[in-house]
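This report describes selected helix packing and residue contacts. The sequence and the structure are shown below.

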Amino acid sequence: MTQKGGPGGPIEHGFPHLATVRASITALFRRLSADGIRAYDTSFAPADAAFDAADDLHLGAQRVASAMVRALRLPDARVVVAFRPMEQAATVEPAAGPEYFVEVSDRFRTHRRDLAAALSHEVAHVLLHRLDLRFPGTEENEILTDTAAVYLGAGWLLLDAYREDALTHQKFGYLTPEEFGYVLAKRAALFGEDPSTLFTSPQAYEAYVRGRALAERDHRRPPLAAAGALARRRYAKARRTGPTPAGGSADSSADGPGYRFEREDSHPGPGLRVSFPCPVCGQGLRLPVRGRLRARCGLCRTVLDCDT
């Protein structure tokens with residue numbers, strides 16, 4: 001698999017891949033389980049990413065790669081790093097093994113601070129291959145890989161490698177900077193982390209703040225009890241309208257309401273159920289429309305306060 005990235009032209013912003021990012025988080029929970037996800041409770045250490053001009057090129061690259069393998073919990077995988085001229089940031093063939101050969105761009109011979117970022121994506125490819133977890137399309141699979149790297153604690157480096165100013169335009173991976181920030185904020189909320197202390201790039205921190213704002217909105221959408229007054233009024237109006245028309249679906253985009261109403265067939269009379277995604281893992285939840293209640297997501301086991 002080949003990783004996009006490096007200095008170049010315009011950088012895409014916003015949340016164009018949000019649906020695939022959310023589906024990726026759900027897929028990780030389904031494949032690894034809630035306990036498996038929580039085993040990745042320690043983020044990749046900045047000290048393990050350190051690789052400066054004083055280090056031997058190949059020994060230093062191998063040290064960083066080994067640290068990345070440990071961070072993504074691949075103790076039986078050996079990654080060999082080679083440098084060659086290439087337009088892409090890095091590439092790996094995950095079907096190989098037991099040794100994995102990662103080729104990285106020659107520019108990392110001198111721009112060493114970002115080598116760990118490139119390796120996080122490629123080692124995540126290896127992990128997903130071992131887990132037999134993939135999406136059908138090439139771009140969707142690369143988005144899954146970026147999301148896995150970040151959500152499992154190693155991909156904050158991909159966001160920190162983002163720099164955009166008068167002199168530099170650089171970004172690695174397939175997600176936008178804001179989408180990297182969104183996934184990182186999702187991880188931070190799950191583990192109680194503060195990733196803002198990790199950033200060396202001011203632009204990366206700004207993108208994280210924008211992504212965090214959207215991640216926080218996920219926890220304030222009706223029927224969650226933390227929803228604001230305006231969102232609650234819109235929800236109440238939709239609830240009075242009754243079931244969502246046939247063919248309609250919950251719009252879980254950045255600006256969509258994220259819920260839909262269905263007839264509760266087992267309930268006598270005009271009972272309704274509301275369907276919406278879990279704000280932690282994205283698993284679909286379906287609750288009776290009966291006022292205040294607490295719901296437990298069966299996938300990530302999060303307990304949610306709701307007002308349906």
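## Basis of the description

Contact here means heavy atoms within 4.5 Å. The model is predicted.

## Pro279 and its surroundings

With contact so defined, and leaving aside neighbours within four places in sequence, Pro279 is in contact with Lys186, Asp218, His219, Leu224 and Leu304. Pro279 is found in the loop that runs between strand E9 (272–277) and strand E10 (284–288). Its relative accessible area is 3%, so Pro279 is classed as buried.

One of these partners, Asp218, is 61 residues from Pro279 in sequence, whereas the C-alpha atoms of the two residues are 5.4 Å apart in space.

## Asp218 and its polar contacts

Asp218 belongs to helix H8 (residues 202–218). Asp218 counts as buried because its relative accessibility is 9%, and the cut-off for that class is under 20%.

Two polar contacts involve the side chain of Asp218. One, at 2.5 Å, is with the side chain of Tyr182; another, at 2.7 Å, is with the side chain of Lys186. When residues up to four places away in sequence are not counted, Asp218 touches Arg22, Tyr182, Lys186, Leu224 and Pro279. Among the residues on this list, Arg22 of H1 and Tyr182 and Lys186 of H7 also take part in the contact between those two helices.

## Packing of H1 against H7

Helix H1 (residues 18–38) and helix H7 (residues 177–191) have axes that come within 12 Å and cross at roughly 30°. H1 is therefore roughly parallel to H7, since angles under 35 degrees fall in that class. The crossing of H1 past H7 is right-handed.

On the H1 side, the contact involves Leu18, Val21, Arg22, Ile25, Phe29, Ile37 and Arg38, which meet Glu179, Tyr182, Val183, Lys186, Leu190 and Phe191 of H7. Sorted by class, the contact of H1 with H7 comprises nine nonpolar, no polar and four charged residues.

## Packing of H1 against H5

The axes of H1 and helix H5 (residues 138–151) come within 9 Å, with a crossing angle of roughly 50°. The two helices are therefore oblique to each other. H1 passes H5 in a right-handed crossing.

From H1, Thr20, Val21, Ser24, Ile25, Leu28, Phe29 and Ile37 make this contact, and from H5 the participants are Glu140, Ile143, Leu144, Thr147, Ala148 and Tyr151. By class, the contact of H1 with H5 has nine nonpolar, three polar and one charged residues.

## Val21 in H1

Val21 lies in helix H1 and counts as buried because its relative accessibility is 1%. Apart from neighbours within four places in sequence, Val21 is in contact with Ile143, Thr147, Leu175, Tyr182 and Val183. Ile143 and Thr147 are among the H5 residues that meet H1, and Tyr182 and Val183 are among the H7 residues that meet H1.

Val21 and Leu285 are 264 residues apart in sequence, and their C-alpha atoms are 18 Å apart in space.

## Gln170 in strand E7

Which class of accessibility applies to Gln170, buried or exposed? Gln170, a residue of strand E7 (residues 169–172), is buried because its relative accessible area is 8%.

The side chain of Gln170 makes a polar contact of 2.9 Å with the side chain of Asp114. In addition, a polar atom of the Gln170 side chain lies 2.8 Å from the backbone oxygen of Ala161.

Terms used
Residues are numbered from 1 along each chain as its sequence is written. This is a predicted model: local features need pLDDT of at least 70, side-chain atom pairs count only at pLDDT 80 or more; totals for chains, interfaces and linings use all residues. Side-chain values use heavy atoms; hydrogens and water are left out. Axes are lines fitted to C-alpha atoms, for helices over the stretch in contact, and angles run from 0 to 180 degrees between N-to-C directions. Helices (H or I, at least four residues) and strands (E, at least two) are DSSP runs, numbered from the N terminus. Angles under 35 degrees count as roughly parallel, over 145 as roughly antiparallel, 65 to 115 as roughly perpendicular and the rest as oblique. A crossing is left-handed if the near helix is turned anticlockwise from the far one by less than a right angle, and right-handed if clockwise. Ala, Val, Leu, Ile, Met, Phe, Trp, Tyr, Cys and Pro count as nonpolar, Asp, Glu, Lys and Arg as charged, and the others, Gly among them, as polar. Buried means under 20% relative accessible area, exposed over 50%, partly exposed in between (1.4 Å probe, protein chains only). A polar contact is a pair of N or O atoms within 3.5 Å; within protein, one must be able to donate a hydrogen and the other to accept it, and residues adjacent in sequence count only if both atoms are side-chain atoms.
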